[in-house]
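Visitor: I would like a close look at one part of this model. Please take a single sheet and what surrounds it, and explain the terms as you go.

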Amino acid sequence: MKHLKLFLTIALLLFALTSVGAQDVTTVVWWTESGDEVDDFLIPLLADAFNAEHDDVQLEIIGQESLNDVNRTALQAGAAPDIIQTPGAAFIAEFVDAGQILPMTSLADQYGWKDKLLPWAYNSGVLGGELYSIPITYESMVLFYNKTLFADMGWEPPTSQAEIDAIAAESIANDIFPFTYGNASWQPSNEHLMGIYLNNYAGVENVYLALTGQKSWTDTEFVEATDLLATQLQDGWFSGDLSNYYANTGDDIRYELASGEAAMMQSGTWNFGSIGQFFEEQGTEWDWAPLPSFHEQAGEYNYELATGSTISVNANTENPDAVGKVIDYWLSDPARVLAIAAGAGFGEYVVPIHFTVDDFPAGTDERVARFFADFAAVTGAGRAGYTTWTFWPADANVQLWTDIERVWSGELSTEDYLADHEALWEQARDEGKTLPIPAR
Amino acid sequence: MATVQATAQATGARKVKPNEQKIPLARVLGRWAFMWPILALNLIVIVIPSIAGLGIAFTEWSGYGQPEFIGLANFDRLMQDAVFFKSLSNNIVWTAIFLTIPIFMGLLGAYLLAGIKRGQMIFRVLYFIPFVLASVVNAQVWRFLLHHRVGIGPWLADLGITDILDVALFGKAETALYTVAFVDIWHFWGFLVVIYLAAMSAVDVELYEVARLDGASRFQQFRYVTLPSIRPTIVFTLLMILIWSATVFDYVYILTSGKPAHASEVMGTYLYETAFFRFDAGYAGAIGVVMTLWVALAVGGFVFLRRRGWDV
């Protein structure tokens, strides 16, 4: 009996102690898209580091397959994590409409996020004057090329449409595709090209005017830009034939470029993470150059602004302050951000904060560092374009990359396609579903 | 006894059949106790989502937050949507393909296998394997086999056989839907073989002996003995194909996603794009209602035939 009393007393004390401890620690849960970079870099360099430095808040990062589908179900069930990650800014407007995420403006003011984030990236998360999301990666579109092939052919990266035409003519004469691309892995890849042609042919100023309703998408510049891409695709500039474009996966296009079957690829900087292995296998070398302007009216070359995944605070979280602490920990250390991004090959988790050259980890690929330096200089000078998945409302965006195939097949005229596009923009404006456009 | 019946008739009570016994309440409750888990599961997984899905079709809803009732507006829009009609017509083409080619292949395969006594099981397993493999795996295998650069086509082209398979079959508007259907048939027809073979093995062998004595050829035995005997199984598979053709999604989504230019779009992929890319769950619900009507018509037709005395 005496032993029993002693045992119960100890058990009670232990319970009380652990209960007190548990009450003091707040756990912030964040689901992100699963991948090796999450296990190997994001969790050790962010979650483990944060947890080691904090006793009151602990961060739990969980990788999920098909994150968007999982989040959708969890949000409807009221069981989503504290930090909501979305695939892109277009989703935020829907979440805000549904009242499922909290504004972060007060947290941003408290921690000075407006100064930590690049201005355009901060503004991309502002809706109705409130900050609702923060991009956790950013990217742009560039011209990848097979450096070995270019050296063999005596080519230089093109800086104008005339130079592109010359390389294309010589490529075709030598049974080389001028460009490679495809959308078998991801049908919205169509918008990568459409965005490039709108920005680099019509020019970023005209795109800005159309985005802000001061110009119509049916105007001549946009018609010509759309026609230029359609003509090149129909003429087999991209992987030899439009049908090959539709059948090419992501691996196919990187192989075509690395093997020298194609000379160039207009694509996103997310390829930094994966393109190298294809070139290693082929024993060739890759490089990139800014995408040139396709028309005089577009002025000097630009970089399109693009945010990838975003994070927001779940409206149902019990710990918004703890979430703020976690986010600020990440945004406050450029070296940590770049170490995680380097782990993902600079294809993911490149949080748009201010970097200096010293922040890049030792051994960073010179080509990657060159991109970030030039991107900062060029966009800082105002030559910033607009990617469709960051600045277009959902309906207009989907129409842009689905119906363009009907233009390419000849089923729909460019004029009708752009008229439908303009109508969807007007509808989005009427319904208040447009996304923030950074002022020029 | 006569008095009891007269009283029952006079009061309008149900006539009690002589062999009908009243089941004790405890036993009835006991039966329901065993039934409720599956009923609850059906209620949660099928009935409630179905009713909710029907309701969503009459709303404007992004998939998040509160839906707004808009009456028949989604159906009005559906009637003017060229892409929807393209999808619907592709579903009809798909159905026509699956109601003929795999059925013919399944019957032929089963009939030929039925004549094999040794090693039949090996063939059954071989034919059935594609059916149990995940659609993603099957699709990926055929994506490689039919690849315009590394598949069978370029290999044949090296042998001098060109312009047949050395093109991007999944990327051409003229061939995309049929190529996806081919892959799906490859995975599906073995299932039909096994089903028909099981039905054929149940046919009375004496019927074949009589037919042979009457001088019937193998084809005549198949036509006049086998086919009528397995008719319920054939009708059942036709019904299932009708239903599955309305809801086809996986192979189309994996291999073409409806490309190019909606040439291989079916209602399932269009519904997915509408709900999850355009955030237009209400309109997607209307497409879902059309798919449900298709299935209801198929099942209704089946029930109608049974009531008309068809042995199906």
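Guide: What follows is a walk through one sheet of chain A and its surroundings.

This is a predicted model, in which local features need pLDDT of at least 70 and side-chain atom pairs count only at pLDDT 80 or more, while totals for chains, interfaces and linings use all residues. Residues are numbered from 1 along each chain as its sequence is written, chains are lettered from A and ligands numbered from 1 in the order in which they are written, and side-chain values use heavy atoms, with hydrogens and water left out.

The sheet is open and has 4 strands of chain A, in the order β10-β11-β9-β12, with mixed pairing. Strands (E, at least two residues) and helices (H or I, at least four) are DSSP runs, numbered from the N terminus. Two strands pair if DSSP finds at least two bridges between them. The edges are held by β10 (177-179) and β12 (286-289) of chain A; each has a single partner strand, so one side of each lacks a neighbour in the sheet. On average, neighbouring strands of the sheet are turned by 25 degrees against each other, direction ignored.

Strand β9 (residues 141-146) of chain A pairs with strand β11 (residues 262-268) of chain A in the antiparallel sense, over 5 bridges. Within this pairing, Val142(A) has Ser267(A) of β11(A) as its bridge partner.

Helices also meet these strands. Helix α15 (residues 275-282) of chain A packs on the sheet and touches β9, β11 and β12 of chain A; contact means heavy atoms within 4.5 Å. The direction of α15(A) makes about 135 degrees with that of β12(A). Such angles run from 0 to 180 degrees between N-to-C directions, and axes are lines fitted to C-alpha atoms, for helices over the stretch in contact. Helix α18 (residues 366-380) of chain A lies across β9 and β12 of chain A and runs at about 10 degrees to β12(A).

Aromatic rings come last. Over all chains, the structure holds 62 aromatic pairs. Rings of Phe, Tyr and Trp (its six-membered ring) pair if their centres lie within 6.5 Å; planes under 30 degrees apart count as stacked, over 60 as edge-to-face and the rest as tilted. Phe272(A) and Trp286(A) form a tilted pair, 6.0 Å centre to centre with 35 degrees between the planes. Phe272(A) lies in the loop between β11 and α15 of chain A and Trp286(A) in strand β12 of chain A, so the pair ties together parts that are 14 residues apart in sequence.
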